[in-house]
Amino acid sequence: MSFPELKNRLIEEGATVVGYARVDEALMGEIGHLSRAVSVGVDRKLNSDTLRLLGALQKTTERFLRERGYRFLSIPPDSDRINDTFVSKLYSLFSHKVAATCAGIGWVGKNGLLISPVYGPRLSLVTVLTDAALKADGPIERSRCGQCRLCVELCPSGAVSGEEWSRDNPFPDLIDYAACSAHKESIRSLSGKPNCGFCINICPYGRRQPKEDPRTIVVTVEDGE
């Protein structure tokens, strides 16, 4: 089932891109029955308003699936990590990047971020896993960073290794997170900014003029479909 009306509704409510993914190979045993994912991305600066939008889009997806009798499990935005809560325990179960790459939204770049060919590394993501047999969009199999090494060579903390992601090698050592975190702390102490953001700003895909993504096109659903 394609459920184009769900994609339409999410786009109308503010989503930048929506994809369906088959993710059963990436699931742990306790959630293995939820073999599909709805991956939703928004191309907006990450702040409290963006988090509210992602939460609203998540709830729209949940409501759509619930009304049709399907089970689901929502993985909130990565930036919404709260220690010692039930929500925080969901992050170890599933990665937004897995859903997004399986849904063809993008690949994992050398900077460790999801890279969309249309929106670059600017998408903020939310994922809803479900047992609805959604027709999956085609996955992206490997990195499209090519010979570009801007984030590797110009990262101020030297944290980017230059390794490449692929579906055959989904968890390479892309980032020295200790070096990245130390640099972020130094930036925060000097300017109050929460992160560096250099690897987002330097990415050529992020600096291109966005073109229309087919996942943002609203299709007409005839009555009875």
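Is F3 buried or exposed? F3 counts as buried, since its relative accessibility is 12% and the cut-off for that label is under 20%. Bear in mind for every view below that this is a predicted model.

**View 1. F3 meets F64 edge-to-face.** Here the two rings sit 5.0 Å apart, centre to centre, with 85 degrees between their planes. F3 belongs to the segment before α1 (4–12), while F64 is part of helix α2 (residues 48–67), so this pair ties together parts that are 61 residues apart in sequence. F64 is buried too, because its relative accessibility is 0%. Pan out a little and Y70 joins in: F3, F64 and Y70 make up one aromatic cluster.

**View 2. Two charged side chains sit over aromatic rings.** The charged end of R68 is over the ring of F3, 5.9 Å from its centre. So what lies over the face of Y20? That would be K7, at 4.5 Å from the ring centre.

**View 3. W107 and Y205 make another edge-to-face pair.** The planes of W107 and Y205 are 75 degrees apart, and the centre-to-centre distance is 5.0 Å. W107 comes from strand β4 (residues 107–108) and Y205 from helix α8 (residues 204–207), so the pair ties together parts that are 98 residues apart in sequence. Both rings belong to buried residues: W107 has 0% relative accessibility, and Y205 has a relative accessible area of 16%. Over the whole model, the count of aromatic pairs comes to three.

**View 4. The largest nonpolar core takes in 22 residues.** Which residues have the most contacts inside this core? They are V23, F94, I105, L123 and L129. At least two core residues each come from β1 (17–22), β3 (72–75), α4 (96–102) and β6 (123–130). Helix α4 gives the largest share, with four residues.

**View 5. A separate core holds 19 residues.** This one lies apart from the largest core, and its members include F3, L10, F64 and V128. F3 and F64 should look familiar: they are the edge-to-face partners from the opening view, and F3 is also the residue whose ring has the charged end of R68 over it.

Terms used:
Residues are numbered from 1 along each chain as its sequence is written. This is a predicted model: local features need pLDDT of at least 70, side-chain atom pairs count only at pLDDT 80 or more; totals for chains, interfaces and linings use all residues. Side-chain values use heavy atoms; hydrogens and water are left out. A nonpolar core is a set of buried Ala, Val, Leu, Ile, Met, Phe, Trp, Tyr and Cys residues joined through side-chain atoms within 4.5 Å. Buried means under 20% relative accessible area, exposed over 50%, partly exposed in between (1.4 Å probe, protein chains only). Rings of Phe, Tyr and Trp (its six-membered ring) pair if their centres lie within 6.5 Å; planes under 30 degrees apart count as stacked, over 60 as edge-to-face and the rest as tilted. A charge sits over a ring if NZ of Lys or CZ of Arg is within 6 Å of the ring centre and within 35 degrees of the ring normal.
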